[in-house]
Amino acid sequence: MHVCVVGGTGNISTSIVRRLLAQGHEVTIVNRGQRQPAPPGVCHLACDRQDRTAFEALMRRQRYDAVIDMICFNREDAASSCRAFADTGHFVMCSTVCTYGVDPDWFPVTEDHPLRPISDYGRNKAAADALFLEAYHRDGFPVTIVKPSTTYGPQLGLLRQAAWDYTWIDRVRQGRPIVVCGDGNALHQFMHVDDAAMGFVGLLGRRGCQGQTYNLVNRGFHTWADYHRTAMAVIGRQVELVGVPLDTLARFDIPGFGFCREISAHNSYYSGERLCRDVPEFRPVVGLEQGLAAVLAAMESQGRIPSADSVTWEDQVIAAQRAVGPPLPTA
Ligand SMILES: NC(=O)c1ccc[n+]([C@@H]2O[C@H](COP(=O)([O-])OP(=O)(O)OC[C@H]3O[C@@H](n4cnc5c(N)ncnc54)[C@H](OP(=O)(O)O)[C@@H]3O)[C@@H](O)[C@H]2O)c1
């Protein structure tokens, strides 16, 4: 197949491109060329998709058997993709589980769950998905919607619960306690980018998957406390997890706190059974410890582990929590 990936050099899409090439597909990627060079064997088209006229004209020059759109974030992007790829055989939209919101009616959350997004990110993705599904039902636009949960890899780095922050790795190395939200036992699902690529690529060309929505998650879940203990095993040192209520955390000016407030503070547990059923080769293989070790090794080799020394919020939060009472117990 000739497959076009919109993006192609990002956190998830790098693995998608690698998998497509390994399976012998012809691959074209389209991006601005700002992030990293295209891998050998890939046709690179340089374009900013926000320049709608140029993007759509460039994409219409060629018919692709399949398209994976990794950077469609709202209804306008979606409408542009419908015009740009009107004649493709299969279009896969990368959406997100954030479209479901944070207060589910049942666990695990299945694809027929009501959509109650709480962030602009989730609302805009839901609006894009809706436009694609309207185009499917009205014009037969051959879309499949994919909703990944947290998908980590070497480009993203070693995540934490309390914020979008990587200084915690250095804190752990120094033996200093780290903050978790609440009792640290919010449920979460983590998928390695190579396993996510297996899901995206496995869908391509399956006509029965068109018009469908799929969660892209591992079976089961971890708590964030589990996650942190696994990550600390990989880092090589265990430190105290200090549980702090969400409301208390919100009173501090914590950089990157939106990730916690909108996502990681809440229980999230999604069902991946539909994708396992319809794409039999989708069988995630990367264990959490193995995946986190690879991510840490990549960060180390690229000198991407920031110092914790100039960061003050974490000690302030821990001191405030200790002043009002013992930290919330983590299991
Ligand atoms: N990681 C997660 O946990 C997670 C979970 C759920 C959903 N998602 C979804 O996954 C997608 C992100 O995928 P990813 O991780 O592979 O991407 P990414 O890391 O965000 O990389 C973005 C890619 O798109 C290109 N790009 C960015 N802006 C562009 C523009 N205006 N025009 C053309 N190209 C552009 C970048 O290259 P240049 O900068 O060179 O243009 C790069 O190739 C998003 O749709 C996100 O909502 C991620």
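## A guided tour, starting at Met-93

Select Met-93 and show what surrounds it. Setting aside residues up to four places away in sequence, Met-93 touches Asp-69, Cys-72, Ala-128, Asp-129, Phe-132, Val-143, Ile-145 and Val-146. Keep in mind as you click around that this is a predicted model.

Now widen the view to the core. Met-93 and Val-5 are the residues with the most contacts inside the largest nonpolar core, which has 84 residues. Next, pick residues 193–203: that's helix α6, and it gives the most to this core, with 7 residues. Try colouring by domain too, since the core draws at least three residues from each of domain 1 and domain 2.

**The two domains**

For that colouring, use 2–152 plus 190–216 for domain 1, and 168–188 plus 221–268 plus 288–324 for domain 2. Their centres, taken over C-alpha atoms, are 30 Å apart. Where do the two meet? Look for 10 residues of domain 1 in contact with 10 residues of domain 2. On the domain 1 side, select β7 (150–152) and β10 (190–192), as each supplies at least two residues of the side that touches domain 2. Colour that side by class and you'll get 6 nonpolar residues, 4 polar ones and no charged ones.

**Strands β6 and β11**

Select residues 143–148, which make up strand β6, and add β11: the two run parallel, joined by 4 bridges. To see one pair of residues facing each other, click Lys-147, which stands opposite Asn-215 in β11.

Stay with β11 (residues 213–216) and show its side chains. Which residues point which way? Thr-213 and Asn-215 go one way, while Tyr-214 and Leu-216 go the other, and all of them are buried. You may recognise the pattern: in a regular strand the side chains alternate between the two faces of the sheet.

Back in strand β6, click Thr-144. Is Thr-144 buried or exposed? It's buried, because 25 other C-beta atoms lie within 10 Å. Next, add Val-92: although 52 residues separate Thr-144 and Val-92 in sequence, their C-alpha atoms are 4.8 Å apart in space. Val-92 is also one of the contacts of Thr-144 if you leave aside neighbours within four places in sequence; the others are Leu-203, Cys-209, Gln-210, Gln-212 and Tyr-214.

**The loop between β5 and α4**

Head for the loop that links β5 (91–94) to α4 (120–139) and select Thr-96. Thr-96 counts as buried because it has 23 C-beta neighbours inside 10 Å. Beyond its neighbours within four places in sequence, Thr-96 is in contact with Gly-122, Lys-125, Lys-147 and Pro-148. For a distance to try in your viewer, pick Ile-71: its C-alpha atom and that of Thr-96 are separated by 11 Å, with the two residues 25 apart along the chain.

Pro-108 lies in this loop between β5 and α4 as well. Zoom in on the backbone here, as the peptide bond from Phe-107 to Pro-108 is cis, with omega near -10°. For context, most peptide bonds are trans.

**Two stops further along the chain**

Select Thr-312, in the loop between α11 (288–301) and α12 (313–324). Why does Thr-312 count as exposed? The reason is that it has 9 C-beta neighbours inside 10 Å, and the cut-off for exposed is 12 or fewer. Draw a line from Thr-312 to Thr-110: they are 202 residues apart in sequence, and the C-alpha to C-alpha distance is 40 Å.

Then jump to Gly-258 in helix α9 (residues 258–264). With 13 C-beta neighbours inside 10 Å, Gly-258 counts as partly exposed. From Gly-258 to Ala-323, 65 residues along the chain, the C-alpha atoms are separated by 25 Å.

**Last stop: the ligand**

Finish by selecting the ligand and the 23 residues that surround it. Which of them are the closest? They are Gly-7, Gly-10, Asn-11, Ser-13 and Arg-32. Colour the shell by class before you leave: you'll find 14 polar residues, 5 nonpolar and 4 charged.

Key. Residues are numbered from 1 along each chain as its sequence is written. This is a predicted model: local features need pLDDT of at least 70, side-chain atom pairs count only at pLDDT 80 or more; totals for chains, interfaces and linings use all residues. A residue is near a molecule or strand if its C-beta atom, placed from the backbone, lies within 6 Å of it. Ala, Val, Leu, Ile, Met, Phe, Trp, Tyr, Cys and Pro count as nonpolar, Asp, Glu, Lys and Arg as charged, and the others, Gly among them, as polar. Domain bounds come from an automatic or database domain assignment. Two residues are in contact if their C-beta atoms, placed from the backbone, lie within 7 Å. A residue is buried if 20 or more other C-beta atoms lie within 10 Å of its own, exposed if 12 or fewer, and partly exposed in between; C-beta atoms are placed from the backbone. A nonpolar core is a set of buried Ala, Val, Leu, Ile, Met, Phe, Trp, Tyr and Cys residues joined through C-beta atoms within 7 Å. Two strands pair if DSSP finds at least two bridges between them.
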